[in-house]
Amino acid sequence: MKKIQKNRIVQYLLVMFLTAAAFLIYFMLHHFSLRDLWSYDANKAVDDFVRGMVEEGGGQQAAFFGFNLQNFVIFVLGRLLGDAILGINVYYILTFFLIAGASYWCMKTMGISGKTALFISVLLSFVPFHIDRGQGQIITSSFFLVPIFIGFLYQIFFQMDSTKFRVSTVVWMAAAPFIDWRLAVMFVILLAVLTVHRNDGRVYRTAGIYGAVLLAFTLLAGIASGVFRQVDVAENIRLAREEGLRILDMILPLRYHVSDRLWNIRYEYDVSFSVHGECGLNAQGILISAAFLYGLLALFFGKRKDKRIQWLAWINVIVILVSVIGGFHLILEYLGINLVYWNRMGIIIIVSSAATLGILADQVRSKLSKGIPRLAVDAVTALIAIAGLAELILRQNM
């Protein structure tokens, strides 16, 4: 038992070390300063709390946390460090490690090998959803909650005994709405749909209790923060139509890609469809995009494919049906569940597609190792991993 625990600690230390190394490269290449917000654009949608911190310098007007635990931590950091912007920057740096650590746990929970999980976890901490949204939308860009919940969903539907409940899972269900309320709403929908789809009495009990806790605290957080008091339903529906999820964002090249030609493809798409601000920031890396498409093909045509991949693709389909422009989210907006920026749900697709990428990578490595020396396979895999990270880090004009 002690040996297993020791190995686990070593693994997470390695995740933190590689994340730190990648971040230092990213930090130095872009000449950032800790006294300036380097990923903040006041012309885009910005969290009210962050705007208050920037404009008021962490004064009394910024002290309203919106019943959000991340806001509270940022405010405390600003106070302790004596500088609101420095506090935001320090928290933003910490989010790279939060995302990487949560993603590694998710990948390992789903049975992905340590080496592959290591690469995927670091890759996810540098996707455009994080480094483009940055501090301006820090509550959204710090998406460590997503891999945690995908891991929980996997445990509930594939691993967990129906009579066994974990206190840690209940705590996360209760805390989630106070970390990211929008994501909590989507998790309620996902849990409900996946439970009905499974149609298994053993699952109903387990998922029902966790779902009830999540729903209760989501409603509590919504009432406490005044979300349900927004009365301009027509305006919210109009914004939701514009700020819904765009499917092509999941597969098009990155904005500011290192390749001029791929950059131009993305730019022409953004201009042609008036994709601005949030709508253009869901783009994934090429590797994750390929896994997204493969998952859909496996779901619809792959009868003998890995059940994990099909399950992850099914999650993506649910998110698309709910969040896409003109999707079912408009009914929720009409009922007063005012999330408006439904394209933010693209991060669930990104994380589940990254998990699909991890499963595929393990399968390919296993097949190649039967005819090729394992060292050579690992070397090629490492080169692909480095190229995947470089695609995100070495971007133009960031």
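## The largest cavity

By class, the lining of the largest cavity comprises 4 nonpolar, 1 polar and 3 charged residues. The structure in front of you is a predicted model, and a search of the whole of it turns up 1 cavity of 30 Å³ or more. The volume of the largest cavity is about 40 Å³.

Which residues line this space? The lining is made up of F129, T140, D180, R182, L183, R344, M345 and I347. One of them, F129, is worth a second look, as the charged end of R133 sits over its ring, 3.9 Å from the centre.

## Charges over rings

The contact between R133 and F129 has a companion elsewhere in the chain. Here the charged end of R198 sits over the ring of F158, at 5.1 Å from the ring centre.

## Aromatic pairs

A pair of aromatic rings is described by the distance of the centres and the angle of the planes. With centres within 6.5 Å as the rule for a pair, the count for this model comes to 17 aromatic pairs. Y92 and F96 make one such pair: their arrangement is edge-to-face, with 5.4 Å from centre to centre and 75 degrees between the planes. Both residues belong to helix α4 (residues 84-109), and because they are 4 residues apart there, about one helical turn separates them. Are these two residues buried or exposed? Y92 is buried, with a relative accessible area of 0%, and F96 is buried as well, also with a relative accessible area of 0%.

Another edge-to-face pair joins Y154 and W311, with 5.9 Å between the centres and 65 degrees between the planes. Y154 lies in helix α8 (residues 145-159) and W311 in helix α15 (residues 307-323), so this pair ties together parts that are 157 residues apart in sequence. Y154 and W311 are both buried.

## An aromatic cluster

Y92 and F96 also appear in a wider grouping. Together with F23, Y26, F27, W38 and F126, they form one aromatic cluster.

## Salt bridges

Side chains of opposite charge can pair when their charged atoms come close. How many salt bridges does the structure hold? There are 5 salt bridges in this model.

One of them brings together the side chains of R266 and D249, at 2.9 Å from N to O. This pair links distant parts of the chain, 17 residues apart: R266 is in helix α13 (residues 260-272), while D249 is in the loop between α12 (233-242) and α13. What of their surroundings? R266 counts as buried at 0% relative accessibility, and D249 is buried too, with a relative accessible area of 1%.

Two further examples complete this tour. R308 forms a salt bridge with D306, their closest N and O atoms being 2.8 Å apart; R308 has 18% relative accessibility, and because buried means under 20% relative accessible area, R308 counts as buried. R365 forms a salt bridge with D362, and here the closest N and O atoms are 3.7 Å apart. R365 and D362 are 3 residues apart in helix α17 (residues 346-368), so about one helical turn separates them. Both R365 and D362 are buried.

Note on methods
Residues are numbered from 1 along each chain as its sequence is written. This is a predicted model: local features need pLDDT of at least 70, side-chain atom pairs count only at pLDDT 80 or more; totals for chains, interfaces and linings use all residues. Side-chain values use heavy atoms; hydrogens and water are left out. Rings of Phe, Tyr and Trp (its six-membered ring) pair if their centres lie within 6.5 Å; planes under 30 degrees apart count as stacked, over 60 as edge-to-face and the rest as tilted. Helices (H or I, at least four residues) and strands (E, at least two) are DSSP runs, numbered from the N terminus. Buried means under 20% relative accessible area, exposed over 50%, partly exposed in between (1.4 Å probe, protein chains only). A charge sits over a ring if NZ of Lys or CZ of Arg is within 6 Å of the ring centre and within 35 degrees of the ring normal. On a 1 Å grid over the protein atoms alone, a cavity is a set of points where a 1.4 Å probe fits but cannot get out, and a pocket is an open set with protein on both sides within 12 Å along at least five of seven lines; lining residues have an atom within 4 Å of a point. Grid points are joined across faces, edges and corners, and a volume is the space filled by probe spheres set on the points. Ala, Val, Leu, Ile, Met, Phe, Trp, Tyr, Cys and Pro count as nonpolar, Asp, Glu, Lys and Arg as charged, and the others, Gly among them, as polar. A salt bridge is a side-chain nitrogen of Lys or Arg within 4 Å of a carboxyl oxygen of Asp or Glu.
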